[in-house]
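Good morning, and thank you for the time on today's agenda. I would ask you to bring the sequence and the model up on your screens before I begin.

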Amino acid sequence: MRLEINKNIIALPLVIIALTLLVGYFEPAFLTVDSAIAVLRRMATIGIMAVGMTFVIMTAGIDLSVGPTLALSGLVSYFTLVSGMPVPVAILAGMASGIAVGAINGIIIAVGKLPAIIVTLGMLSIVRGTALLIGGPTLHQISGHESYSFIGSGALLGLPVSIWIFLFIAAIGIFIQQVTSYGFQISTLGDNPEASHLSGRRTRLLIFSTYVICGCCAAIAGIIDSSQVYTASANFGEFGTELDVISAVILGGASLFGGKAYVINTVFGVLFLGIINSGLNILDVPIESQLMFKGTLIVIALGFTSLSRNSKS
Amino acid sequence: MVDALAALNISKSFDGFIALNNLDFTLQSGEVRALVGSNGAGKTTLIKILTGAHAPSTGTISINGKQLPGGDPAAHISGGISCIYQHTSLAPNLTVAENLFLGNHPTNRFGLLDKKEMKRRAQQLIKDNETDVSPNDLVADLPTVKQKEVEILKALAANSSVILMDEPTAWLSFPEVQRLHDTIRRLKKTGVTIVYISHMMDEIFRVCDNATVLRDGKLVWQGSVAETDRSSMVQHMLGDGGQDTSNERNERRNEVEKGQKTLRVSNLSRENLFSEANFSLYQGEILCITGLIGSKRSELLQCLFGVAQPDKGQIFLHGIPQKIDTPRLAIQLGIGLVPEDRRMQGLFLSHSIEENHVAASLGDFVNRGLFNRKRVRTRAQDTIRQLNIKPDDVKKTVGNLSGGNQQKVLLGKWLETAPDILILDEPTVGVDVGAKNDIYQVLQAFKEEGGAVLIVSSDVEEVQNIADRVLVMANGKLSASFDAQALSHEELVAKISGESVNEA
């Protein structure tokens, strides 16, 4: 099997390398293995959600509800643990909560034919409310569950487990998108929904499935998050999480209008975003300037992708 | 006398496809001119050039002797050309007065909108043109015909001396059409020049003075409608049939005469679209349904492919009644549909040739959920060779191919599903001559291997070239079938224009 490499794919890694070297020039500590691991670890949850979001965006959809879904899944896992269930059951329960949110999104969008941006915006609020109802405003400390904490804080072969999970999910995502019939169907659906329907595809089922995938990824991110800080809270996945996730996908070259996109490019988008975040931190740039700089950079990067897209057509 | 509108030596080409070829189009003040031609004849391109949406490749446009820049919509409107499109271009949530002066509203001395003056002028305009609306009416609340009248007023408010009307009656009932025609006659008296674009022969003969007929981007006939009749007009539109190959084809057809009946349609009806359609399709034949645009042929095809549901009637496949409610089921039952609009309904434009090729037959290329790219490639390469697709590279993005090659990719995609019945809706619109012949050959080969082909086509030349039997559809009614050879070109044209069908 040979991976199909998008031509645009070369540009982003080059920018990432250049940016890393630039930050490293001012702060040599940035160019160490420890620092690289720290960058990846910070981006693991965003990265996992971005992989799921890529499939949604390929269908010209969007999911704004990933932040609260992350919080909900952490809480569901916490309460399952507290009730005395074993760790694997807690993990499955957390994932199930994310899948349920995704399924509700998916049914309303695919069958009800309502715009994804409105449905998931509503869901953003509904799921946050649900999480607050379940968990209240307090922090819930998770203690005494070694194997649960291992997910977020443990390490394997020198790499944190959360990074392994991100790499694993990214690999699955790349595999699904590149090699499976499902990935092909999602990509053609996004390119032309009517032609897809007339070619005998089950378009509603396909659209539905992408929101389930996205919800499930958000839930996995929620489990990692809660185990990383030994805490579950209804306020995790704060406002802006969904924007980071969507930015990573778009930086990877996916079009909000749907169609072909590459999960591998999303992974590079995640790295790009991570290096900006960590690089600005390590250079002691104040948070207000960080936000402005980050926003500007994203708009410039998007300008370039849409330029190269336009020049091709 | 200076021409009210003079478009001279107009040519326009898109990526090597010549849409208009050295056309002269001049109109006198107060003239109502019909502009007719079948799909792809170049009418739309001409309208777009006249409104300034497209710049012509060559040629000049002038109004009352004053030359317009070309390719600048604002300059064309202020120069005096307005266009009324098939679908309304009014802002539905604004009032009539606001719509009339949208873009050039009167202002008071502070530069703000002068509502009083706007209303006064709107009232004046409405009165002058005997229109039955109030300046305060919300456009969304008006019936379609009044919206059309408001659009005409809007054109007059912009001081237009030439008004283009693109299928203005497509959404109107019969009395409303009469009313619109009265308005046109009134405008004519005031010296306004009108270009009336329509497929409705009745209307053209009722309201127009002269007619211009386009075919393949060229002027084929121009003259007074009083000196011609419907069938010669349709004849001009559709062109002279190619009779050359008919004998050879006749022999071939006789060989496959008694094929199996694969599809039978019985009393199929859909409210307000078509009624009581009856026909059979046999193995090893090409059946064409022809007629003018708007005769609801595509709507009939949609029912056969599960895109829409008939209200009444039945569809039999190999003698078994079937309820086809999704395209997915239609494909499983062995039906393929090459839709009318390849870009909107058929192709995945940002995907490659090979990806498009397998999009309707994925099951054959998937093993336990995994895509067999190697098999995809070989099959796509075979098709590229068989259909003579250029460029012959399976990785090329379909959006960058020419119209003819795109159509071939689409045809290849459906042949890959190995259908019993292949349905094609206007298979060669916007396709160059070479690709047309390639497509015909492939369809002949498919038929000779026992396939059944159903084609909807408005191109009489094409129908005479390729059909074994012909059905004519007019206003949602299907005629009995004719042997394509038994019918002369003139007879077929007469049937299409609706004369003989009415007599029978």
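Let me start with the interface, where 22 residues of chain B are in contact with 18 residues of chain A; contact requires C-beta atoms, placed from the backbone, to lie within 7 Å. This is a predicted model, in which local features need pLDDT of at least 70 and side-chain atom pairs count only at pLDDT 80 or more, while totals for chains, interfaces and linings use all residues. Residues are numbered from 1 along each chain as its sequence is written, with chains lettered from A and ligands numbered from 1 in the order in which they are written.

On the chain B side of this interface, helix H11 (327–332), helix H12 (342–346) and strand S18 (370–371) each supply at least two residues. Helices (H or I, at least four residues) and strands (E, at least two) are DSSP runs, numbered from the N terminus. By class, that side has 14 nonpolar, six polar and two charged residues. Here Ala, Val, Leu, Ile, Met, Phe, Trp, Tyr, Cys and Pro count as nonpolar, Asp, Glu, Lys and Arg as charged, and the others, Gly among them, as polar. For the complex, the predictor gives an ipTM of 0.86 and a pTM of 0.76.

I turn to the fold of chain B. Its open sheet of six strands follows the order S6-S7-S8-S3-S9-S10, with mixed pairing; two strands pair if DSSP finds at least two bridges between them. At the edges are S6 (81–84) and S10 (218–224) of chain B, each pairing on one side only. Within the sheet, S7 (residues 162–166) and S8 (residues 193–197) of chain B run parallel and are joined by five bridges. One residue to locate is B:Met165, whose bridge partner in S8(B) is B:Tyr196. Helix H5 (residues 144–157) of chain B packs on the sheet and touches S6 and S7 of chain B.

Which residues have the most contacts inside the largest nonpolar core? They are B:Ile163, B:Leu164, B:Tyr196 and B:Ile423, in a core of 138 residues. Such a core joins buried Ala, Val, Leu, Ile, Met, Phe, Trp, Tyr and Cys residues through C-beta atoms within 7 Å, buried meaning 20 or more other C-beta atoms within 10 Å of a residue's own. H5(B) gives the most to this core, with six residues.

Finally, confidence: chain B averages a pLDDT of 85, on the predictor's per-residue scale from 0 to 100. Over residues 241–256 of chain B, however, the pLDDT is below 50.

Terms used. Two residues are in contact if their C-beta atoms, placed from the backbone, lie within 7 Å. Axes are lines fitted to C-alpha atoms, for helices over the stretch in contact, and angles run from 0 to 180 degrees between N-to-C directions. A residue is buried if 20 or more other C-beta atoms lie within 10 Å of its own, exposed if 12 or fewer, and partly exposed in between; C-beta atoms are placed from the backbone.
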